[in-house]
Structure formats: C-alpha cells, structure tokens
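Student: I would like a close look at one part of this model. Please take me through the sheet in the first chain, and then the contact between the two chains.

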Amino acid sequence: MKRSQINNTKGFTLGETMVAMGIASFMLLAIITASIALQKSFNAVDNFFATQIQQIRIIEYLNRDVKRSYAVTSTGSPQKVTCTIPNYIIQCGDPDANATCTGTPPMPPSGCTPPGCNIGTRRNPTVKLSANGVSVDYALDAGGSPITTAVDYSINNQSILRTENGRLTTIASSTDNLLPSWLDVDVSNTEYLSTSITFLPIFISGGATAERSGTTLFSTAYLRNLRRGN
Amino acid sequence: MQLERTNTGSTILCALCTILIISVIGANVLLNCTTRYNVSAKQVKGWKEALYAAEGGGDIAFSEVRKLVGVLDPSTVLSPDGWTKTGSSYSNGPYTFGQNNSLSANVTVDQLSATLGTPPSSWPYFRIRSQGTATLLGLPRVGMDDRMDSVTKGDSLLRKIDFKYDHFKAKYGDGDGTAGTQAIQTVTKPQITRRIETIAVPQFLTFTAALEATGSFYGPGTGNGGLIDSYDSKHGAYTFVANNPSAPYYGDSRNGNVSVGTSVFQGGGNIYGNVTTNGGTLSLKKGLVYGTIDNSVPFTVAPLANPWSPTASGWDATSPTTITSLTSSANSQATSAQYVYSSLTSGITINPYVDPSTGVAQETYVKIVVNGDVGGTITINNHVNAQIYFTGNLSINTPLVVNSNVDGVAPNVSRAGHLQFYGISPAAGSTQAVSITPGGGSNKQLYATIYAPNANVTVNGPTDIYGALVTHDFYENGNTSFHYDKQIAQLLLAVTDYRIASYIEDVR
C-alpha cells in the first residue's frame, strides 16, 4: 500500500499570522470595550428608571397620607414631614379594641394580646358642633379630643423612611442620593404640601456626571381633611 | 487512509453560544423593560385612576346628598334616582367610565344622625363610601417592582394589586367585620381598588350679629327710646342694663353688634355694641356707639333657597288656619311638621303637641313655607317653635303677632328663637319688603328672628324688637329699639346645604 502524501500548502506565514492576530485583537478589544460600555449604559438606564419609580412611590405615599391628614408639618433640617391622620381603623391596643364582637372578626395582627375581635375594622364617625361648625372625628379620648396617628417621613443616609405608629418602612432606597424637598404651605382656607424629589443619575457624559436638576419630580397634595382651627 | 478534518462544528457551537448570550441579554433587558413599563404605564396609572374613580363615585353621591336639604325621607329623592335602599343605607353602581369602561365606582350612602346644638336636636348627616376600581390591562403574570433590598418591599406595600383574588374581600370582608362577608373572590382581570369615605354634614343658618344689613343702614330710631343693645335670654326676660356696670348681666348687654355691607350708615340712637361698615364713615345723628368701629369689613350673606318643591313629599298643603293635630314626632327641628301655603294673610294659630297620657305640652317644631305674602294674625303658643319661610313680602303688625313662649325656659331658652321668619331669596335683581309697624294695639313688642338677605326692612316706632335680623336695607324710624338675644347665636336655625367635613382613604 502506498501511503498517500498530502501536501498542505495553505499555512500562514508568520507575518500573516501576526497581522491576523493584530486585527483579531483589535476587534476583540473593540467588542469588549463596546460590551462594557453597553453594560454601563444598560446599568445607568436601568438605575435611572428604577430610581424614577422610587420617586413616584415616595410621591404617592406622601399624597395618600397628606390627603387624609388633619394637619401636616414639615421641617427643613433634618428633613422631615409629619402627617397627623385620624385613627380610622381600630388597631391593636386601642381603647375600643376589645369591644363586643358582632361577627367574625378579621385576622388580628400577631402579637396583639388580647386579640380584640374588632381589630382591623372601620370606626364609625363622631360628629360634633365646634366653634368652626360641624366637625368629624373617628376616635376620641376620654376628654373628647381626637386620637390620631402620626406618620413621619424622614431621611436616613440614602433611604427614605416612613414611620407609622412606630412601625418603620423603607419606602425608597438608592445609592444615587435620592433627595426629597418638602414645603408645607398653610394659606387662609386650605393647606398643601409641595414636594420635589431629585436624584443623581450615574450617567457620565464627556467625563462629567449628569445633572441632578434634570431629574426633579414635583408634586402638590392638598389636605382634604384639614381641621380648620378646631 | 486519508484523514480529513473540518472546523464547521466549532463554528456552529460558537454561533449558538453567541445567540444564547445575546438571548440572555435580550431577555434580561426585556424583563426589566416589561417590569418597569408595567409599573409606570399600568400600575401607577391604575393606582391613580382607581382613586379618580372612587372620588368620582363620591362626588356623584354628594350631589345626591345635597338634594336632601329639608327632606325628611331620603328615599323619596334617592330611589327615583336609581339608588337601592337597604335599611338606612342607599347604594348605587357600578358607574363605569374610562377607556373601554376600565374604571368603575360603587357607592354607598349611609344616613346617620348626630345630636347637635342648643337645645339639642338630632340632625341627619351622611357617610359616603365609594370604591373605585381600575382594571390593569396587559399581562397578568407580570409582577410588581419590589427591588430595593433583600427585606424591604417597595410597591407591593403601597399599591395592592389584585392579580387573581380580591385581597380586601378575602381578608376584611365588608370591612366592618360582619360575619360571613369574608370570601375568596376571583377577579377576571388584574385590578386596583381604592376606597374612600367622606362625611357630608349639614351647614346651618346662624346669626352672628344683632343686625346684619348687606345694603344701607339707618338706625336705630332717633326717638327717645331708640337704641340697639343685647341680653342673654338664659337669664330670663330682657331688662335694660347697658348703662349700669354694676348690674349682674351688664356684660351681656353690649353685644348689640351691627354689620353693614356697604358704606351707607346713618346712626340714630345709641348702639351698645360694635359697628362695622364696608368703607363707610359713621354719621351719628343723636346717639353714640359704645363699642369698636371698623369701616373696612366687607361681608356677604348666603342666599336662602326654598326648602319646599312641587315634587317634595311630607308636606301638608291643606292650609289650616289652626295647627293642632301635631304628633310627638315633631319634637326636633330636623323632624318638624311641614306645611305649605300659597299665602298666609288670613291668620294662623299654632298649638304644641300635648302628651295625652300626661297632659303636658312638649316642645313642638313646625316648618311653614308660604309661596306668597305673610301678614295678619300669627299666634305661636307656648312650646311651639315655628319657622315661617316666605317668597313674597312680610308684614308684621306687632299687636297681631303673638309669641307666647317665655325667656329662660329650657330647652329653647330664647323666646325670640321660637318664631323665625325666613325670606326666600327672589330672582336676582328683585327684593322683598318687610315692614314692622306698631299698629293700634297695646303690644308694641316683637319676639322673633328674621333672616331675609334680599329684603328691605322698615320699622316704624314705637316698637321693641327682641331677636336678631339679617336684611338687605334696614331702616328704623321713630322710637324704635332693638334687643339682640345672644342665645340666638346658639340656635341651628335651618339646614341650607351639606358640605364634606371629612375625607378618609381606607388603605387596607
């Protein structure tokens, strides 16, 4: 048997190999650079939208609480908003939490002892005549003063906190310096809270970081439950 | 043997890997985009729209409640408008609106009552509960954006979306802990529901001064007895002590306040109280003002609507000249017996309800609407509280108007507060006329309140008026005096409208 001889003449010369490797390295570098840039861009965009949604969340939390507040106060330093809200729902530990059951109660919160059968239900309003006309309250103490809940909004490092009856909820958390600003305006016959929230995007353009001002979200909420002097 | 090698396998492998990587990246981007899109375009939108729907339902209910001024039985108004009555509750809905009827509102109105005022009286008020629902269009399997950290939830604490089941119905039932109302209830499409509760309370007519004239003012009379002062009927009948600081009720005597809505003020006798005008300069012919003067106080007075309408029920239209057959239910202003007349010039006598078992008269409330003029004999016997509304003119001849109640007797200590005249505001540009004359009889005294914001009032002396007055123009002539009863400010005279006094969102 004659062994066939294969003469492969298709090999690369050293020069060709070097050129090919050079081009390939250049292309690989471009691809890697583009990938990193793409990844950064994606992260920045994702982060931008995620933070924007947190902005909306803060605004919506605030608007919901401000609308149902008797009164709202705000301080600039430290930045804090306090909403005074009527106790509409009977909660664990309330004086009337153990009233006689009239039906199957909702599930009481865990850790409430004794588990008042009416916890989690709505209160009936109390209507009375005051110096400023007819007013409405939902829970009164023995002296006839309304029992209310304070809801605080505050800032802790990069987080926006909401505290209701001592229960703390982080409603927004961002490494991008999410910064709210509140202004409580009390005019002659109404009151409103203006809020603006900004954050620092992580985009970098031309070596400079993007502007914070371009991310401002404004909102105004009126106190629909305002107590007028009583 | 010839060995042949090809490299096509690795090429396919590389291509597949590339496609896989790109697909993973694409899927990741798509997932993020879809979640964000759903949050921003669907969930935030639905959250806001659910509140709009709830508030829309609340507004519909409130507009119905405002029709209930002077109505004893709300079902006479609400039932024809499509509301379903269950006990003392009325419900309606769903009202659907929005894109493809994606929004809906269900509303319940509960009639409740509160004891208000002096003397205490039970007044109706209304609790409006509205539930607004927004359907979330799009993919139901896309969840919420809760990405903050490993423990903290973001949106799911705020926007409670019912993807498959109504969470409120499952956990809280009807919300009031009523047995058997909790149930697992599926929803056809993902939805957001928000619930608001508003309380509509009555707005009352009240007197805030002795005399309020939105137009010109000439008074008190320049006769020797012409004056304006005050007293408090809870201490008994009026005596003049405004010039006697040592008198026990001297402090009640100097609240004869006069408010004038224009610059036209012509003073006559003494005024023991404060005077305000709107740009006027006080011109006093004879007396003095024993109080403060402020000439830059504009004010307005609410017009008065007719509490009766041709379609209203619960009104007696037999025009009796003597009202005696009253029942025990007419024991508060909110439940007063109601009569309607085309005119009231031939005299009327009103007697109280007498308990047949004890023979004792009870405090009795009567409301009369006169679609015309009022004059002649008006006799209000003891324990009767009469409100007389008129669309025409009012002519009072003091000997013919007898108010037999007594100052200082509970529950309504004000004698003048037992007889109340109301001038129903005529069409814009028109005015009414109210005349008070002493006539020829011996009784020169009138115990009554008059609220007639579009009436020009003329008083001729000698007369003594005890009560309070709201007019357009006011003119007193001769020996006329006016004594404001401070107790009248405590009276809730009539419901003129309803207003929202409380707004709550149920955030469960």
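Tutor: What follows covers the sheet of chain A, the helix across it, and the side of chain B that touches chain A.

Keep in mind that this is a predicted model. Start with the sheet. Chain A has an open sheet of five strands, and their order is 1-2-5-6-7. The pairing is antiparallel. Strand 1 (71-75) and strand 7 (167-173) of chain A are the edges. Each has a single partner strand, so one side of each lacks a neighbour in the sheet. From one strand to the next, the twist averages 20 degrees.

Now look at one edge. Strand 1 of chain A runs antiparallel to strand 2 (residues 80-86) of chain A, and five bridges join them. One pairing can be picked out by residue: A:T73 has A:T82, in strand 2 of chain A, as its bridge partner.

Next, the helix. Helix 1 (residues 14-67) of chain A lies across strand 1, strand 2, strand 5 (148-156), strand 6 (159-164) and strand 7 of chain A. Against strand 7 of chain A, helix 1 of chain A runs at about 140 degrees.

Finally, the partner chain. Contacts link 37 residues of chain A with 42 residues of chain B. Several elements of chain B supply at least two residues each to the side that touches chain A, among them helix 1 (8-65), strand 3 (103-116), strand 4 (121-135) and strand 31 (495-506). Helix 1 of chain B gives the largest share, seven residues. By class, the residues on this side of chain B are 19 nonpolar, twelve polar and eleven charged.

Technical notes. Residues are numbered from 1 along each chain as its sequence is written. Chains are lettered from A and ligands numbered from 1 in the order in which they are written. This is a predicted model: local features need pLDDT of at least 70, side-chain atom pairs count only at pLDDT 80 or more; totals for chains, interfaces and linings use all residues. Two strands pair if DSSP finds at least two bridges between them. Helices (H or I, at least four residues) and strands (E, at least two) are DSSP runs, numbered from the N terminus. Axes are lines fitted to C-alpha atoms, for helices over the stretch in contact, and angles run from 0 to 180 degrees between N-to-C directions. Two residues are in contact if their C-beta atoms, placed from the backbone, lie within 7 Å. Ala, Val, Leu, Ile, Met, Phe, Trp, Tyr, Cys and Pro count as nonpolar, Asp, Glu, Lys and Arg as charged, and the others, Gly among them, as polar.
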